[in-house]
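Colleague: I have not seen this structure before. Could you take me through it, please?
Modeller: Certainly; let us look at it together.

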Amino acid sequence: MEVKRRTARNLVSKLSSVSEQTRTDALCELRLISKHDPDSRPLIADAGAVPYLSETLYGSSPTIQENAAATLLNLSISSRASLMSTRGFLDALSHALSNSPSPTVVQSCAATLYSLLIAEDTYRPIIGSKRDILYTLLSIITDNNAPPRSIKDALKALFGVALYPLNRASLVGLGAVPALVSLIVRDARTGIVEDATAVLAQIAGCEESEEAMRKAGGVRVLGDLLDDGTGASERIRENAVAALLNLARCGGEKGRKEVKEMGAKVIEGITDLTKNGSTKGKAKAAELLKIVVDGYGNQIEVRDFRLNTSSDFMNHSI
């Protein structure tokens, strides 16, 4: 371990060299070591690498930026506190997300945010308060020319942000709902639609989402996903149910009314999930179906429906 510690210190010391080639070589080695040797990650962080890596994200060389961003992503797996306690770290990520010409840098920065957000709930309000980061993530998913990998990484970061309830209103205010609805409509790639509906389901869990969903036609789009004719995957359909359920819970009387009306049109799709979905998907579909049925009384015939009241409803799981 002492050899690894000395190696880490030696490489980190080279990051302050006046020679660009020396810095580049050191970054390449740090990237490889942090990728393949988990034990070295805390040693690299303890050696003071994070401030240098963060500063490097402001550089003009795509190659150097890529190595720095990838190393930060690797360190985020086990040295999160070192990253978040470094002054200017989030600002550097924000800068790289919005300014780097390299898709690889953008993807690594978004993935780093997701790594931090998923692992530590205490980081969610901190990152969520950085409106420039939220704005840039939303800009990525609305960019028709963005690589699919960049969109997926941005969606995962947005999902992590939306896990904190107080961040949801901020996302709504920045236009997240129309951005997500538009992405769902225009993108036929299953993986992206699955991630987009997962984010939308989380954001629907705030009062401010009702008006945004109504203006963007979100309830109609979610209903379409539950129609058998669309061929949506099970995960997409479960996310659509979760979004409608959250809207009914949090969107006030208007939101509940919209969900009831749409639910009545796709009753078969909801009922199917109560039987054939995942454990959590069945529970959410059952609760949504109960809302729809209670709202319409005997106007809707539900076949073989059983409400499982013992199911574990998890607010943050999609």
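**A salt-bridge network and its surroundings**

Modeller: To begin, K152, E194, D195 and R235 are linked in a network of salt bridges. Please keep in mind that this is a predicted model.

Colleague: What is the distance between D195 and K152 in their salt bridge?
Modeller: The N to O distance between these two side chains is 2.8 Å. D195 belongs to helix α14 and K152 to helix α11, so the pair ties together parts that are 43 residues apart in sequence.

Colleague: And which helix holds R235?
Modeller: R235 is in helix α17, 40 residues apart from D195 in helix α14, and the pair links distant parts of the chain. Their side chains meet in a salt bridge at 3.1 Å, N to O.

Colleague: Is D195 buried or exposed?
Modeller: D195 counts as buried because its relative accessibility is 7%, which is under the 20% cut-off. Its partners are another matter: K152 is partly exposed at 26%, and R235 is partly exposed at 34%.

Colleague: How many salt bridges does the structure hold?
Modeller: There are 16 salt bridges in the structure. One of them joins E2 and R5, with the closest N and O atoms 3.1 Å apart.

Colleague: Why are E2 and R5 separated by about one helical turn?
Modeller: They are separated by about one helical turn because they are three residues apart in helix α1. That helix covers residues 2-14. E2 counts as partly exposed at 39% relative accessibility, and R5 counts as partly exposed at 28%.

Colleague: What about R5 and L43, how far apart are they?
Modeller: In sequence, R5 and L43 are 38 residues apart, yet their C-alpha atoms are 5.7 Å apart in space.

Colleague: Let us step back. How many helices and strands are there?
Modeller: The protein chain has 20 helices and zero strands. Its C-alpha trace spans about 75 × 35 × 30 Å along the principal axes. The chain has 318 residues, of which 51% count as buried.

Colleague: What share of the contacts join residues at least 24 apart?
Modeller: The share is 70%, counted among contacts between residues at least 6 apart in sequence.

Colleague: How is the chain divided into domains?
Modeller: Domain 1 comprises residues 1-120 and domain 2 comprises residues 154-295. Taken over C-alpha atoms, their centres are separated by 36 Å. Five residues from domain 1 and seven residues from domain 2 take part in the contact.

Colleague: How much area do the two domains bury between them?
Modeller: Domain 1 and domain 2 bury about 420 Å² between them, and 85% of that is on carbon and sulfur atoms. The count of salt bridges between the two domains is zero.

Colleague: Now the interior. How many residues has the largest nonpolar core?
Modeller: That core has 98 residues, and L113 and I141 are those with the most contacts inside it. Helix α17, residues 234-250, gives the most to this core, namely nine residues. At least three residues come to the core from each of domain 1 and domain 2.

Colleague: Which residues is L113 in contact with?
Modeller: Leaving aside neighbours within four places in sequence, L113 is in contact with L90, L93, L97, I127, I133, L137 and A157.

Colleague: Which residues are buried in helix α13?
Modeller: In α13, which runs over residues 176-186, the buried residues are A176, V177, A179, L180, V181, L183 and I184. They pack against several helices, including α10, α11, α12 and α14.

Colleague: Where does UniProt list the ARM repeat?
Modeller: The unreviewed UniProt entry lists "repeat: ARM" at residues 175-218. In the model, that span is 77% helix and 0% strand, and its end C-alpha atoms lie 13 Å apart. The record also places "domain: U-box" at residues 11-291, again from an unreviewed entry. The end C-alpha atoms of residues 11-291 lie 60 Å apart, and this span is 78% helix.

Colleague: One last residue: where is T56 found, and what does T56 touch?
Modeller: T56 is found in helix α4, residues 49-56. Not counting residues up to four places away in sequence, T56 touches L27, I64, Q65 and A68. T56 counts as buried because its relative accessibility is 18%, under the 20% cut-off.

Technical notes:
Residues are numbered from 1 along each chain as its sequence is written. This is a predicted model: local features need pLDDT of at least 70, side-chain atom pairs count only at pLDDT 80 or more; totals for chains, interfaces and linings use all residues. Side-chain values use heavy atoms; hydrogens and water are left out. UniProt positions are given in the numbering used here, feature names are shortened, and annotations may be inferred rather than shown by experiment. Helices (H or I, at least four residues) and strands (E, at least two) are DSSP runs, numbered from the N terminus. A nonpolar core is a set of buried Ala, Val, Leu, Ile, Met, Phe, Trp, Tyr and Cys residues joined through side-chain atoms within 4.5 Å. Buried means under 20% relative accessible area, exposed over 50%, partly exposed in between (1.4 Å probe, protein chains only). Domain bounds come from an automatic or database domain assignment. Contact means heavy atoms within 4.5 Å. Buried area is the accessible area (1.4 Å probe) that two parts lose on being put together, summed over both. A salt bridge is a side-chain nitrogen of Lys or Arg within 4 Å of a carboxyl oxygen of Asp or Glu.
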